[in-house]
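Grab a coffee and open the viewer. Below are some exercises to work through, each with a solution you can check by eye.

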Amino acid sequence: MAALKFAGLDDTDSDEELPPGWEERTTKDGWVYYANHLEERTQWDHPKSGKRKRVAGDLPYGWEQETDENGQIYFVDHINKRTTYLDPRMAFTVEDNPMKTNMKQKYDGNTTAMEVLEGRDLSGKVIIITGANAGIGFETAKSFALHGAHVILACRNTSRADEAVRQILKEWHKAKVEAITLDLASLQSVWEFAETFKSKNLALHVLVCNAAVLGLPWQLTEDGLERTFQVNHLGHFYLIQLLKDVLCRSAPARIVMVSSESHRFMDIKENSGKLDFNLLSPSKKDYWAMLAYNRSKLCNILLSSELNRRLSPHGVTSNALHPGNMMYSSLHHNWWLYTLLFTLARPFTKSLQETDLPRATVFRRELVSTLEAIFTWKLQGSHI
């Protein structure tokens with residue numbers, strides 16, 4: 001009781017009554033949380049009972065949920081012409097007890113992105129996702145947007161990106177979602193995307209480097225680099241460098257690199273143990289599509305690790321993820337053999353829901369120098 005008195009939680013008789021300075025609120029998807037105005041913090045547990053709750057059912061007839069300019073949810077009663085920050089369903093809450101024993105793993109191969117984000121309010125967060133018009137990129141963008149985040153779809157194909165935006169808005173017409181053109185096979189396009197984004201004067205809390213290609217025939221980009229390597233890795237590398245300052249100003253922030261388990265089956269070192277740049281952007285005679293993909297994903301792992309070492313002191317963490325073995329997506333469309341393989345494996349895999357030239361020339365020189373420094377540091381005495 002002494003601890004309760006010190007915390008100011010013994011001023012009321014009922015376990016359900018809130019202490020002075022506390023307010024009960026709800027997230028967009030109905031979870032109840034508690035705001036302590038005296039200490040300017042929030043929490044999921046009731047300050048006295050320790051219970052977690054969520055509202056039950058739909059809003060009453062005539063009511064609509066809105067979000068104000070500060071990202072806070074309020075409710076409009078169109079019948080009685082009034083507004084309130086108190087959810088009208090608050091009288092009909094159900095208890096969610098996180099202390100109950102649950103032998104099932106929290107997340108598994110059947111868990112969807114919406115389930116992972118359940119109960120989370122991402123209002124005020126700005127998220128960029130590359131390759132977000134299809135596949136796991138789209139599912140990720142939709143899930144973030146439906147939980148209140150301002151999501152930017154960074155995509156090469158503008159018509160498909162616009163269609164993805166329309167699909168998300170069909171699910172929730174007030175979702176904050178937009179598309180900006182980004183072609184990772186063009187360093188000029190990457191630079192233009194970054195300039196367009198920065199002109200909006202937005203924060204950036206999460207950058208998801210998701211876009212990738214698989215099984216492409218050998219082809220050089222307009223920058224003279226092998227296409228798979230540039231799209232999967234170098235384009236993202238450049239994008240991060242251009243947005244790094246925005247991420248740091250927005251801290252806490254995060255970079256997410258989508259890699260692959262296949263990175264384990266590749267090396268980028270010479271027999272002497274030094275980095276071999278000829279392996280990263282090979283000539284046509286030395287090119288094999290699957291090896292190019294594996295190398296690019298290995299580079300993503302190395303880059304993510306080094307970014308975390310350099311940026312985490314500034315409040316920006318970097319994580320790499322493997323979305324799941326044989327995840328069925330659109331990556332396989334570049335070659336009939338991959339299509340056959342993915343089709344045969346589909347019953348055993350997770351679903352998508354679960355899961356200018358002078359400037360470019362200067363950048364290439366800087367990029368090679370920086371890559372060499374990063375990879376040499378990471379590969380010294382290490383075994384991937």
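What follows is a short set of tasks on helices, packing and odd backbone spots.

This is a predicted model, in which local features need pLDDT of at least 70, side-chain atom pairs count only at pLDDT 80 or more, and totals for chains, interfaces and linings use all residues. Residues are numbered from 1 along each chain as its sequence is written, and side-chain values use heavy atoms, with hydrogens and water left out.

**Exercise 1. Work out how far helix α3 reaches and whether its residues are buried or exposed.**

Step 1: find the helix. Helices here are DSSP runs (H or I, at least four residues), strands are runs of E of at least two, and both are numbered from the N terminus. Helix α3 covers residues 135-146, 12 residues in total.

Step 2: check the span. The expected value is 1.5 Å times one less than the number of residues. For α3 that gives 16 Å, and the 17 Å from first C-alpha to last is close to it.

Step 3: look at burial. Buried means under 20% relative accessible area, exposed means over 50%, and partly exposed lies in between, with a 1.4 Å probe and protein chains only. In α3, 11 of the 12 residues are buried, so the rest of the structure largely encloses this helix. Among them are Ile136, Phe138, Phe144 and Leu146, along with Glu139 and Lys142.

Step 4: ask what does the covering. Contact means heavy atoms within 4.5 Å. The cover over the buried residues of α3 includes α2 (113-116), β9 (126-130), β10 (150-155), α4 (158-171) and β13 (253-258).

Step 5: look just past the end. Glycine 148 comes just after α3 and has a positive phi of about 100 degrees.

**Exercise 2. Zoom in on glycine 137 and list what it is in contact with beyond its neighbours within four places in sequence.**

Step 1: place it. Glycine 137 sits in helix α3, and its relative accessible area of 1% makes it buried.

Step 2: list the contacts. Setting aside neighbours within four places, glycine 137 touches Ile129, Gly131, Ala132 and Asn210.

Step 3: try a distance. From glycine 137 to valine 258 is 121 residues in sequence, but 9.9 Å in space, C-alpha to C-alpha.

**Exercise 3. How do α6 and α8 pack, and at what angle do α5 and α6 pack?**

Step 1: get the geometry. Axes are lines fitted to C-alpha atoms, for helices over the stretch in contact, and angles run from 0 to 180 degrees between N-to-C directions. Helix α6 (residues 227-249) and helix α8 (residues 289-311) pack at about 15 degrees, with axes 8 Å apart.

Step 2: name the arrangement. Angles under 35 degrees count as roughly parallel, over 145 as roughly antiparallel, 65 to 115 as roughly perpendicular, and the rest as oblique. α6 and α8 are therefore roughly parallel.

Step 3: pick out the residues. Phe229, Phe237 and Ile240 are among those α6 brings, while the α8 side includes Tyr293, Leu303 and Leu307.

Step 4: repeat for the other pair. Helix α5 (residues 187-199) meets α6 at an angle of about 30 degrees, axes 10 Å apart. That makes these two helices roughly parallel as well. Contact residues include Trp191, Phe193 and Phe197 from α5, and Tyr238, Leu239 and Val246 from α6.

Step 5: finish with α5 itself. Its 13 residues should span 18 Å at 1.5 Å a residue, and the end C-alpha atoms agree, at 18 Å apart. Buried residues of α5 include Val190, Phe193 and Phe197.

**Exercise 4. Which two residues are joined by a cis peptide bond, and where do glutamate 40 and asparagine 201 lie?**

Step 1: the cis bond. It joins alanine 251 and proline 252, with omega about 5 degrees. Proline 252 lies in the loop between α6 and β13.

Step 2: glutamate 40. Its phi is positive, near 55 degrees, in a residue other than glycine. Glutamate 40 is in the loop between β2 (32-36) and β3 (41-43), and at 74% relative accessibility it counts as exposed. Glycine 21 is 19 residues away from glutamate 40 in sequence and 9.7 Å away in space, C-alpha to C-alpha.

Step 3: asparagine 201. Here too phi is near 55 degrees, positive in a non-glycine residue. Asparagine 201 lies in the loop between α5 and β12 (206-209) and is exposed, with a relative accessible area of 70%.
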